[in-house]
Amino acid sequence: MSSSSPLKSFSYNKYETRRRNPNPKSSALLVIDVQNYFSSMVKPILQNLLTTIELCRRASIPVIFTRHCHKSPADYGMLGEWCDGDLLFDGTVEAELMRELDRRPEDQVVEKSTYSGFQGTRLEELLKERRVEEVIVTGVMTNLCCETTARDAFIKGFRVFFSADATATADKELHEGTLKNLAYGFAYLVDCDRLGKGLNGN
């Protein structure tokens with residue numbers, strides 16, 4: 001994993017294949033891995049992320065954070081090989097959620113040890129307990145944990161909304177590649193402006 005080369009904003013409209021607004025009565029916001037390790041990548045989108053969180057709170061949409069961390073070699077999986085030992089270890093400052101986040105006591109935090117927020121976690125159960133049918137995906141990295149979580153959500157039967165301006169990764173091409181793929185077969189694309197209008201019924 002890398003936390004360099006933060007993404008700059010751009011238009012994503014060319015990738016859209018369909019449009020839809022989330023239903024606040026059946027949605028949850030997923031904030032993926034906004035941890036100190038990724039702070040340089042998060043900072044350019046932090047205001048968009050905080051705006052998205054606030055929009056969802058106003059609409060009474062539950063906010064769920066994921067935190068990527070490893071506790072022993074038993075949970076490294078293929079990431080141990082792929083990341084060449086550059087892993088996020090539980091108990092370190094780098095593995096903690098960024099303080100700038102508007103995290104509240106009622107917000108759930110799901111710990112994970114691979115790209116998907118669903119793999120080996122209680123995320124699916126938490127969503128079903130809340131009768132969630134739609135997820136809004138934000139955070140980092142666009143093409144790794146955000147994309148894998150979005151794809152898994154779709155396969156598990158959740159309608160997926162993917163934020164184009166409250167997600168970030170190592171470079172623009174990777175970000176755009178994810179948006180193009182997800183818009184083609186997995187997710188509706190949104191940004192702060194569209195999300196705000198959609199949640200307000202506009």
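A residue is called buried under 20% relative accessible area, exposed over 50% and partly exposed in between, with a 1.4 Å probe and protein chains only. Everything below comes from a predicted model, in which local features need pLDDT of at least 70, side-chain atom pairs count only at pLDDT 80 or more, and totals for chains, interfaces and linings use all residues. Residues are numbered from 1 along each chain as its sequence is written, and side-chain values use heavy atoms, with hydrogens and water left out.

**Figure 1. The whole fold, with seven helices and six strands.** Helices (H or I, at least four residues) and strands (E, at least two) are DSSP runs, numbered from the N terminus. Reading from the N terminus, you will meet them as β-α-α-β-α-β-α-β-α-β-α-β-α. The C-alpha trace spans about 50 × 35 × 30 Å along its principal axes. For 202 residues a compact globule would have a radius of gyration near 17 Å, and the 16 Å of the protein agrees with that; the radius is taken over C-alpha atoms, and the globule rule is 2.2 Å times the number of residues to the power 0.38.

**Figure 2. Interior and surface of the protein, where buried residues make up 51% of the 202.** Among contacts (heavy atoms within 4.5 Å) with a separation of 6 or more, 82% come from residues 24 or more positions apart. On the outside, about 9800 Å² is exposed, and carbon and sulfur atoms supply 46% of this area; the areas come from the Shrake-Rupley method with a 1.4 Å probe, and for residues only the protein chains shown count as cover.

**Figure 3. Tyr-76 and Phe-89, an edge-to-face pair.** The whole structure holds five aromatic pairs, that is, rings of Phe, Tyr and Trp (its six-membered ring) with centres within 6.5 Å; planes under 30 degrees apart count as stacked, over 60 as edge-to-face and the rest as tilted. Here the ring centres are 6.1 Å apart and the planes stand at 65 degrees, so the pair is edge-to-face. Because Tyr-76 lies in the loop between β2 (63–68) and α3 (79–82) and Phe-89 in the loop between α3 and β3 (108–112), the pair ties together parts 13 residues apart in sequence. Tyr-76 is partly exposed at 23% relative accessible area, and Phe-89 is partly exposed at 31%.

**Figure 4. Phe-154 and Phe-186, an aromatic pair that is edge-to-face.** Their centres are 5.4 Å apart, with 75 degrees between the planes. Phe-154 belongs to helix α5 (residues 142–155), while Phe-186 sits in the loop between α6 (172–185) and β6 (188–190), so that distant parts of the chain, 32 residues apart, are linked. Phe-154 counts as partly exposed, at 38% relative accessibility.
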